[in-house]
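Colleague: I am new to this structure. Please pick one part and take me through it closely, starting from a single residue.

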Amino acid sequence: MPLPVPALPRRPIHRRNIEIQGFQRADGLLELDASITDVKGIDYQLGSGLRPAGEPVHLMRIRVTLDEEFNIVDAVACSDGVPYPGQCDTIGPVYRKLVGLNLVRGFRRTVGEMFADVRGCTHLTEMLLSLPTAAIQTAASFRSDSEDTAGRPFQIDRCHALESSAEAVRLYYPKWYRGARSEV
């Protein structure tokens, strides 16, 4: 169901796009290329000067390379569009600290601690928070989500629709269905 039609006329002021693409490398490793772009629909006065409507205020990218266990084996970040040239665009190298982290085990919490406040870029760090689910979706492209495995499928009990007592689990993952929860 789409959003309802706006109640009043409105004009576009700000657009943020976050895009993540997943790739399989020739050596079998996975890579995620992520970008964040902020564009104003109006001229925008910054301390560093006027940013004309339509010109990105932020255009930042991160690439992480992952092994089969979702460990980050390489990371690179760059900032091509920034509000304060020569300042914002110098933080990229600090994101090499991502190497060694695991995207599906405590990643969001660790990233929040590692790059909080002035230790990182707010926009690059925010973009990182979308990488775990994008990595899972990229890896899932190579196997059926209902494939019978020795262990429980990763997605069970990770969202409301796939709670082990939910109808979707009963229908699509009956082996892992735990029965309807009683409401108390």
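Modeller: Start at Ser 35. Leaving out residues up to four places away in sequence, Ser 35 touches Asn 17, Ile 18, Glu 19, Met 60, Arg 61 and Met 127. Contact here means heavy atoms within 4.5 Å.

A word on the model before we go on. It is predicted, so local features need pLDDT of at least 70 and side-chain atom pairs count only at pLDDT 80 or more, while totals for chains, interfaces and linings use all residues. Numbering runs from 1 along each chain as its sequence is written, and side-chain values use heavy atoms, with hydrogens and water left out.

Back to Ser 35. It sits in strand E2. Strands are DSSP runs of E with at least two residues, helices are runs of H or I with at least four, and both are numbered from the N terminus. Ser 35 is buried, because its relative accessible area is 15%. Buried means under 20%, exposed means over 50%, and partly exposed is in between, with a 1.4 Å probe and protein chains only.

Now widen the view to the sheet. It is open, has 4 strands and follows the order E1-E2-E5-E6, with antiparallel pairing. Two strands pair if DSSP finds at least two bridges between them. Strand E1 (14-24) and E6 are the edges, each pairing on one side only. From one strand to the next, the twist averages 10°.

Go strand by strand. E2 and E5 run antiparallel and are joined by 10 bridges. Leu 32 stands opposite Val 64 in E5. E5 then pairs with E6, also antiparallel, over 8 bridges. Several partners can be named here. Met 60 stands opposite Ser 79 in E6. Thr 65 has Asp 74 as its bridge partner in E6. Leu 66 has Ile 72.

Next, the turn. E5 and E6 form a hairpin with 5 residues between them. Phe 70 lies in that loop. Its phi is positive, about 75°, although Phe 70 is not a glycine. Most residues other than glycine have a negative phi. Phe 70 is also buried, because its relative accessible area is 16%.

For contrast, look at Asp 117, in the loop between H1 and H2. Its phi is positive too, near 55°. But Asp 117 is exposed, with a relative accessible area of 67%.

What lies against the sheet? Helix H3 lies across E1, E2 and E5, running at about 135° to E2. Such angles run from 0 to 180 degrees between N-to-C directions, and the axes are lines fitted to C-alpha atoms, for helices over the stretch in contact.

Leu 103 is a good place to see the packing. It touches Leu 32, Leu 66, Phe 70, Ile 72, Leu 131, Pro 132 and Ala 135, again not counting residues up to four places away in sequence. Leu 103 is also among the residues with the most contacts inside the largest nonpolar core, along with Val 64, Leu 66, Ile 72, Tyr 95, Leu 98 and Leu 128. That core has 28 residues. A nonpolar core is a set of buried Ala, Val, Leu, Ile, Met, Phe, Trp, Tyr and Cys residues joined through side-chain atoms within 4.5 Å. The elements that give two or more residues to this core are strands E2 (30-40), E5 (56-66) and E6 (72-81), with helices H1 (107-114), H2 (122-128) and H3 (131-140). Apart from it lies another core, of 5 residues, including Ile 156, Leu 162, Tyr 173 and Trp 176.

Place this in the whole chain. It is divided into domain 1 (14-141) and domain 2 (156-183). Those bounds come from an automatic or database domain assignment. The C-alpha centres of the two domains lie 34 Å apart.

Last, the cysteines. The whole structure has 0 disulfides, a disulfide being a pair of cysteine sulfur atoms within 2.5 Å. For Cys 78, the nearest cysteine sulfur is that of Cys 121, 11 Å away. Cys 78 is partly exposed, at a relative accessible area of 32%. Cys 159 is partly exposed as well, at 39%.
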